[in-house]
Amino acid sequence: MAQILSGKEVAAAITENTRQKADAMRAAGRPAHLRVIRVGDKKSDLAYEKGIRKRSEAAGVDLSVDALPEDATFEDVKRAIERANADWRVKGVLLFLPLPKALDEKKLVNFIAPEKDLDGATDISMLGVYKGTGAGFPPCTPEAVVRILDYYGIEISGKDVVIVGRSLVVGKPLAQMLIARNATVTTCHTKTVDLAKKTAGADILISAAGHRGTIRAEHVREGQVVIDVGINFDDTGKMTGDVEYEEVKNIVSAITPVPGGVGSVTNAVLLAHICEGKVR
């Protein structure tokens with residue numbers, strides 16, 4: 001039976017560390033403050049906002065929300081971002097995505113000041129990942145993967161890592177972050193020939209394909225560490241990952257569950273960035 005790499009345990013440790021730093025910042029007269037910018041009232045956004053508020057309270061981080069109407073213009077959203085950039089109290093900005101289709105999301109995201117871009121969404125932040133410039137932050141989900149590995153003492157340096165998924169949000173930045181830690185990284189995707197042969201050869205297998213059933217018993221071997229980044233839903237509405245958990249858990253040495261794995265850590269990392277950040 002595989003060791004269960006609980007994201008909730010990792011998230012709790014990160015949140016406690018964030019709270020200690022946030023308390024110190026508050027005592028120094030510069031409280032940690034997150035500004036959320038939300039356009040419209042989508043149920044998913046409101047649910048996410050509620051979750052962020054709860055996690056912010058646990059981490060000792062102040063939260064303010066700039067709620068714009070569904071018909072907000074490009075200039076409306078730009079001004080909201082610029083207000084947050086200019087507000088010395090705000091240490092981090094989170095623009096809820098996706099934006100309504102009428103808005104140019106890519107342009108608007110890049111108005112966020114890199115030092116306040118908590119989720120590594122701007123081009124400058126992404127450049128920081130690829131060139132190691134230290135500008136901005138890495139995206140939270142790839143960083144969550146690395147933090148899970150570190151928390152459980154899983155060596156990265158010198159290991160063969162296979163990532164299934166090549167998105168700009170997870171797969172590509174994660175590959176760069178692991179290479180920076182001296183891993184040998186292979187990136188696979190939907191066009192990869194003989195995926196099972198490649199994944200079974202990995203010391204650490206990370207699936208970020210976004211498709212249920214991507215990783216099954218034939219894709220893994222004994223001794224592997226499997227990190228499941230996927231968030232999918234089965235026919236009953238139950239949340240699942242990319243990995244067929246019941247097939248794989250008795251083969252590999254360690255695995256993250258879904259839910260309760262990488263997703264739990266991602267949100268803790270977002271708040272940690274406020275207290276580890278560039279704005280003081």
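Helix H6 covers residues 140-151 of this predicted model. At 1.5 Å a residue, its twelve residues should span 16 Å. The end C-alpha atoms of H6 are 16 Å apart, which agrees. Ten of the twelve residues are buried, so H6 is largely enclosed by the rest of the structure. The buried residues are Cys140, Thr141, Pro142, Glu143, Ala144, Val145, Val146, Arg147, Ile148 and Leu149. What covers them includes three helices and two strands: H1 (7-27), H7 (171-180) and H10, with S7 (204-207) and S8 (225-228). After H6 comes glycine 153, whose phi is positive, near 70°.

**H6 against H10**

How do the axes of H6 and H10 cross? They come within 8 Å and cross at roughly 105°. The angle lies between 65 and 115 degrees, so the two helices are roughly perpendicular to each other. On the H6 side, the contact is made by Cys140, Thr141, Glu143, Ala144, Val145, Arg147 and Ile148. H10 brings Val262, Val265, Thr266, Val269, Leu270, Ala272 and His273. By class, this contact has nine nonpolar, three polar and two charged residues.

**The six-stranded sheet**

Six strands form an open sheet in the order S1-S11-S8-S7-S5-S6, with parallel pairing. Its edge strands are S1 (3-4) and S6 (184-188), and each pairs on one side only. S5 (residues 160-164) runs parallel to S6, and five bridges join them. Within this pair, valine 161 has valine 185 of S6 as its bridge partner. Helix H7 lies across S5, S6 and S7. H7 runs at about 170° to S5.

**The three-stranded sheet**

Another open sheet has the order S3-S2-S4, again with parallel pairing. S3 (62-68) and S4 stand at the edges with a single partner strand each, so one side of each is left without a neighbour in the sheet. Neighbouring strands here are turned by 20° against each other on average, direction ignored. Helix H3 (residues 74-86) packs on this sheet and touches S2, S3 and S4. The direction of H3 makes about 160° with that of S3.

S2 (residues 33-39) and S4 run parallel and are joined by four bridges. Leucine 34 stands opposite glycine 92 in S4. Isoleucine 37 stands opposite leucine 95 in S4. Which way do the residues of S4 (residues 92-95) point? Gly92 and Leu94 point one way, Val93 and Leu95 the other, and all are buried. In a regular strand the side chains alternate between the two faces of the sheet.

**Two single residues**

Threonine 199 and proline 259 are set side by side here.

| Residue | Location | Relative accessible area |
|---|---|---|
| Threonine 199 | helix H8 (residues 195-200) | 0%, buried |
| Proline 259 | loop between strand S11 (254-255) and helix H10 (262-275) | 51%, exposed |

Why does threonine 199 count as buried? Its relative accessible area is 0%, and buried means under 20%. Leaving aside neighbours within four places in sequence, threonine 199 is in contact with Val162, Val164, Leu205, Ile215, His219 and Gln224.

Proline 259 is exposed because its relative accessible area of 51% is over the 50% cut-off. Proline 259 and isoleucine 231 are 28 residues apart in sequence. In space, their C-alpha atoms are 8.1 Å apart.

Notes: Residues numbered from 1 in each chain as written. Predicted model: local features only at pLDDT ≥ 70, side-chain atom pairs only at ≥ 80, totals over all residues. Heavy atoms only, no water. Buried < 20%, exposed > 50% of the residue type's maximum accessible area, 1.4 Å probe, protein only. Expected span 1.5 Å × (residues − 1). Contact = heavy atoms within 4.5 Å. Pairing = 2+ DSSP bridges. Axes fitted to C-alpha atoms, helices over the stretch in contact; angles between N-to-C directions. Parallel < 35°, antiparallel > 145°, perpendicular 65-115°, else oblique. Nonpolar A, V, L, I, M, F, W, Y, C, P; charged D, E, K, R; others polar.
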